[in-house]
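Got the viewer open and a selection box ready? Let's walk through this one stop at a time, picking a piece, looking at what is there, and moving on.

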Amino acid sequence: MEPNPTRISPQEFWNNVSPRHKRRFGSYLAGLLEGDGTIVIPEKERSRPTKNRPTGKINYPFVKICFSVKDLPLAQKLQEILGGRLVHHKTYVVLWLGKKEDLIFLVGLVNGYFRGGKYVQLHRLIYFHNKHC
């Protein structure tokens, strides 16, 4: 997968956005994640060993946010800011974030804004990265 040439770096994002808008954007992302997102943290560090991989495949955490196809421009703009990749389906699009730096940037934006059940998942994600990375 080739890097997204239009993606701005997290440093550029922070430099060009006012503190008020940073808070609003983090709050908006937290709401988006709580409503249409998934935070997946693997229970085991490695998958079951196979013939080709005697030690098993390493499992990594990831975040997915689903959008209707009508919201494709929003998904593309978020991909430009957050990184990750877009997976297109017939009626929906999924923004998939799995790289360590993308997840750390996302956690920095949304930390403190969760109010629902994904609060625990966010802290499990932080714990996973502190333990394994």
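What follows is a tour that goes from the whole chain to its helices, strands and core.

**Stop 1: everything at once**

Keep in mind that this is a predicted model. Show the protein chain as a cartoon and you should find five helices and four strands. Trace the chain from its start and the elements come in the order α-α-β-β-α-β-β-α-α. Now switch on the surface: the protein chain exposes about 8800 Å², with carbon and sulfur atoms supplying 53% of that area. Of its 133 residues, 31% count as buried. If you like contact maps, take the contacts in the protein chain with a separation of 6 or more: 61% of them involve residues 24 or more positions apart.

**Stop 2: helix α5**

Select residues 118-132, which make up helix α5. Try the distance tool on the end C-alpha atoms: they sit 21 Å apart, and that agrees with the 21 Å that 15 residues should span at 1.5 Å a residue. Next, color Lys118, Leu122, Leu125, Phe128 and His129, the buried residues of α5. Look down the axis of α5 and these buried residues fall within an arc of 120°, so they line one face of the helix. Which residues are exposed on the other side of α5? Those are Val120, Tyr127, Asn130 and Lys131.

What do the buried residues of α5 pack against? Add α2 (19-36), β1 (37-40), β2 (62-68) and α4 (100-110) to the display, since your next few selections start from there: the buried residues of α5 pack against these four elements.

**Stop 3: helix α2**

Pick α2, with its 18 residues. From first C-alpha to last it reaches 25 Å, close to the 26 Å expected at 1.5 Å a residue. Show sticks for Phe25, Gly26, Leu29, Ala30, Leu32 and Leu33, which are buried in α2. They cover an arc of only 160° around the axis, which puts them on the same side of α2. Spin to the face turned away from that buried side, and you meet the exposed residues Arg24 and Gly35.

**Stop 4: the strands**

Start with β1 and turn on its side chains. Gly37 and Ile39 point to one face and are buried, while Thr38 and Val40 point to the other and are not. That is a neat local example of a broader pattern: in a regular strand the side chains alternate between the two faces of the sheet.

Bring in β2, which pairs with β1 in the antiparallel sense over four bridges. Within this pairing, click Ile39 and then its bridge partner in β2, Val63. Now add β4 (92-97). β2 and β4 also pair in the antiparallel sense, here over six bridges. To find your way between them, select Phe67, which stands opposite Val93 in β4.

**Stop 5: the core**

Keep Val63 selected and add Leu82 and Val110. Among the 28 residues of the largest nonpolar core, these three touch the most other members. Where do the members come from? α2, β2, α3 (72-82), β4, α4 and α5 each supply at least two residues of this core. The top contributor is α4, which gives six residues. As background, nonpolar side chains tend to be buried together in soluble globular proteins.

**Stop 6: helix α3 and a long-range pair**

Select α3 and highlight Ala75, Leu78, Gln79, Ile81 and Leu82, its buried residues. They cover an arc of only 165° around the axis, which puts them on the same side of α3. Step past the end of the helix and you land on Gly83, whose phi is positive, near 95°.

Go back to Ile81, still within helix α3. Is it buried or exposed? Its relative accessibility is 11%, so Ile81 counts as buried. Then jump to Glu12 in helix α1 (residues 10-16). Glu12 has a relative accessibility of 41% and therefore counts as partly exposed. For a last look, draw the C-alpha to C-alpha line between Glu12 and Ile81: they are 69 residues apart in sequence and 9.7 Å apart in space.

Note on methods:
Residues numbered from 1 in each chain as written. Predicted model: local features only at pLDDT ≥ 70, side-chain atom pairs only at ≥ 80, totals over all residues. Heavy atoms only, no water. Buried < 20%, exposed > 50% of the residue type's maximum accessible area, 1.4 Å probe, protein only. Contact = heavy atoms within 4.5 Å. Areas by Shrake-Rupley, 256 points an atom, 1.4 Å probe, with all protein chains shown as cover. Expected span 1.5 Å × (residues − 1). Arc of directions from axis to C-beta. Core = buried A, V, L, I, M, F, W, Y, C linked by side-chain atoms within 4.5 Å. Pairing = 2+ DSSP bridges.
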